[in-house]
Amino acid sequence: MTTSLTDFGDGYQLITLENSRGLRLSCTDFGARLTSLTKNGRELVLGFDQASDYQQELGDAIYYGAIVGRVAGRISGAEADISGQRYKLTANEKGRNTLHGGGENGLHDKKWEVELGDNQVIFTTTLADGLHGFPGNVAVKVIYFLNDEDEWGYEILATSDQDTLWNPCHHVYFNLTGDVSQPLDHHKLWLNASHYEPLKEGLPSFTKADVTGTALDFTKEKAIGDALHSLDKQITENNGIDHPFFLDDQQGVQARLISPDGQLSVELSTNQPSVVIFTANFGDNTPIARGNRLAHQGALTFETQVAPGAEQNASFGTLLLKAGEPYYNQTIFKINSLK
Ligand code: GAL
């Protein structure tokens with residue numbers, strides 16, 4: 001395993017870990033984000049090579065690969081009850097809803113402290129009481145790891161000094177072709193999820209629906225294009241997939257993404273109850289990433305978390321982080337070379 005440190009511009013650093021099998025991971029203290037993951041030289045994730053490229057609005061570049069929170073996804077109406085008190089939150093989407101915890105100065109936007117460990121990179125930061133309207137000072141730690149079994153992943157740990165809402169995610173986007181100008185269509189996806197959350201006008205519906213008979217049924221591996229080009233209203237109304245999937249259990253592999261050429265797959269394991277899959281439904285107004293313009297539906301997220309809307313449906317899990325209690329998200333991706 002080798003570790004190197006380079007300049008990422010604007011005062012940020014880039015840390016690169018490389019294992020003995022040609023898997024290389026780069027992450028930065030800017031948003032504790034993953035910027036690059038290459039297997040034998042093929043780029044597998046959406047990202048840029050310098051900090052300033054993330055600071056553009058095209059295709060929501062600011063969230064690529066970053067840690068997002070306090071609460072990933074949308075809180076309708078930008079208000080929430082926390083331990084019996086009503087809080088007004090920053091309405092950073094359409095002036096109405098809170099998206100990804102409220103935007104500017106959030107976790108994705110901060111300069112984190114960085115420490116190098118054994119095959120690990122450890123980032124720490126704090127969110128101040130009152131930021132974006134949420135109560136509690138939250139101490140956050142994110143640990144990236146890479147090993148010689150071609151697994152990489154992250155742990156997110158946090159504690160708050162007051163009861164607060166807390167549901168962060170890691171916003172990695174995969175495109176296994178090595179070229180984000182190629183849409184996801186011919187990637188295959190399998191998900192251990194027999195239920196998903198339909199959206200209502202792009203917002204959480206607070207309901208669970210069976211995937212059977214819908215475009216969102218990935219319980220048997222299928223081409224993502226079959227879903228993206230279907231006339232299912234959940235797809236047409238949201239310009240693609242942008243949905244929470246409830247994982248049937250928290251054991252073993254819960255999702256698998258396979259490259260169009262069949263040479264690579266990524267397998268997801270997580271301790272979280274759901275994964276939000278967003279297929280980068282950005283239209284044509286997208287940035288150029290490593291020489292290629294991101295296609296509409298050109299990359300896919302696996303955002304492991306509690307499904308958005310849990311604040312109004314306890315069967316999803318809870319977003320409440322009680323004062324002094326530990327939060328822990330562990331998510332692992334295994335990269336398999338199939339040929
Ligand atoms: C996703 C969300 C999308 C979009 C994206 C950021 O998590 O589901 O709707 O907001 O983040 O561009």
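Biologist: How many salt bridges are there, and what makes a pair count as one?

Modeller: The count comes to 12 salt bridges, where a salt bridge is a side-chain nitrogen of Lys or Arg within 4 Å of a carboxyl oxygen of Asp or Glu. This is a predicted model, in which local features need pLDDT of at least 70, side-chain atom pairs count only at pLDDT 80 or more, and totals for chains, interfaces and linings use all residues. Residues are numbered from 1 along each chain as its sequence is written, and side-chain values use heavy atoms, with hydrogens and water left out.

Biologist: Why are Asp 261 and Arg 42 called a salt bridge?

Modeller: Their N to O distance is 2.7 Å, and the limit is 4 Å, so the pair qualifies. Asp 261 sits in the loop between β25 (255–258) and β26 (264–270) and Arg 42 in strand β5 (residues 42–43), so the bridge ties together parts 219 residues apart in sequence. Strands here are DSSP runs of E of at least two residues, numbered from the N terminus.

Biologist: Which of the two terms, buried or partly exposed, fits Arg 42, and which fits Asp 261?

Modeller: Buried means under 20% relative accessible area, exposed over 50%, and partly exposed in between, with a 1.4 Å probe and protein chains only. Arg 42 has 18% and therefore counts as buried. Asp 261 has 32%, so this residue is partly exposed.

Biologist: What makes Glu 43 and Arg 290 a salt bridge?

Modeller: The closest N and O atoms of Glu 43 and Arg 290 are 3.4 Å apart, which the 4 Å limit admits. Glu 43 belongs to strand β5 and Arg 290 to the loop between β28 (288–289) and β29 (292–293), so this pair ties together parts 247 residues apart in sequence. Glu 43, at 13% relative accessible area, is buried, whereas Arg 290, at 29%, is partly exposed.

Biologist: Why is Asp 81 called exposed, and which residue does Asp 81 bridge to?

Modeller: Asp 81 has a relative accessible area of 51%, and exposed starts over 50%, so the term applies. Asp 81 forms a salt bridge with Arg 86, with closest N and O atoms 3.2 Å apart. Both belong to a network of salt bridges that links Glu 79, Asp 81, Arg 86 and Lys 88.

Biologist: How do you know that β18 pairs with β23?

Modeller: Two strands pair if DSSP finds at least two bridges between them. Strand β18 (residues 188–191) and strand β23 (residues 222–223) have 2 bridges, so they meet the cut-off. They run antiparallel, and Lys 188 stands opposite Ala 223 in β23. β18 also pairs with β25, in the antiparallel sense, over 4 bridges; there, Leu 191 has Ala 255 as its bridge partner.

Biologist: What makes β1 and β5 edge strands?

Modeller: An open sheet of 5 strands has the order β1-β2-β3-β4-β5, with antiparallel pairing. In this sheet β1 (2–9) and β5 each pair on one side only. Within the sheet, strand β3 (residues 23–28) and strand β4 (residues 33–39) are joined by 6 bridges, and Arg 24 stands opposite Thr 38 in β4.

Biologist: How many residues does the largest nonpolar core have, and what makes a set of residues a core?

Modeller: A nonpolar core is a set of buried Ala, Val, Leu, Ile, Met, Phe, Trp, Tyr and Cys residues joined through side-chain atoms within 4.5 Å. The largest has 59 residues, and those with the most contacts inside this core are Trp 152, Phe 174, Phe 245 and Phe 302. Strand β13 (residues 138–146) gives the largest share of this core, 5 residues. Another core, of 23 residues, lies apart from it and includes Ala 51, Val 180, Phe 278 and Ala 289.

Biologist: What makes the approach of Asp 242 to the ligand a polar contact?

Modeller: A polar contact is a pair of N or O atoms within 3.5 Å; within protein, one must be able to donate a hydrogen and the other to accept it, and residues adjacent in sequence count only if both atoms are side-chain atoms. A polar side-chain atom of Asp 242 lies 2.5 Å from a ligand oxygen, so the pair qualifies. Polar side-chain atoms of Arg 74 and His 100 also lie by ligand oxygen atoms, at 2.9 Å and 2.8 Å. Taken alone the ligand exposes 310 Å², of which the protein buries 94%.

Biologist: Why is His 132 called buried?

Modeller: His 132 has 11% relative accessibility, and buried means under 20%, so the term holds. The residue is in the loop between β12 (120–127) and β13, and a polar atom of its side chain lies 3.4 Å from the backbone oxygen of Gly 102.

Technical notes:
Areas by Shrake-Rupley, 256 points an atom, 1.4 Å probe, with all protein chains shown as cover.
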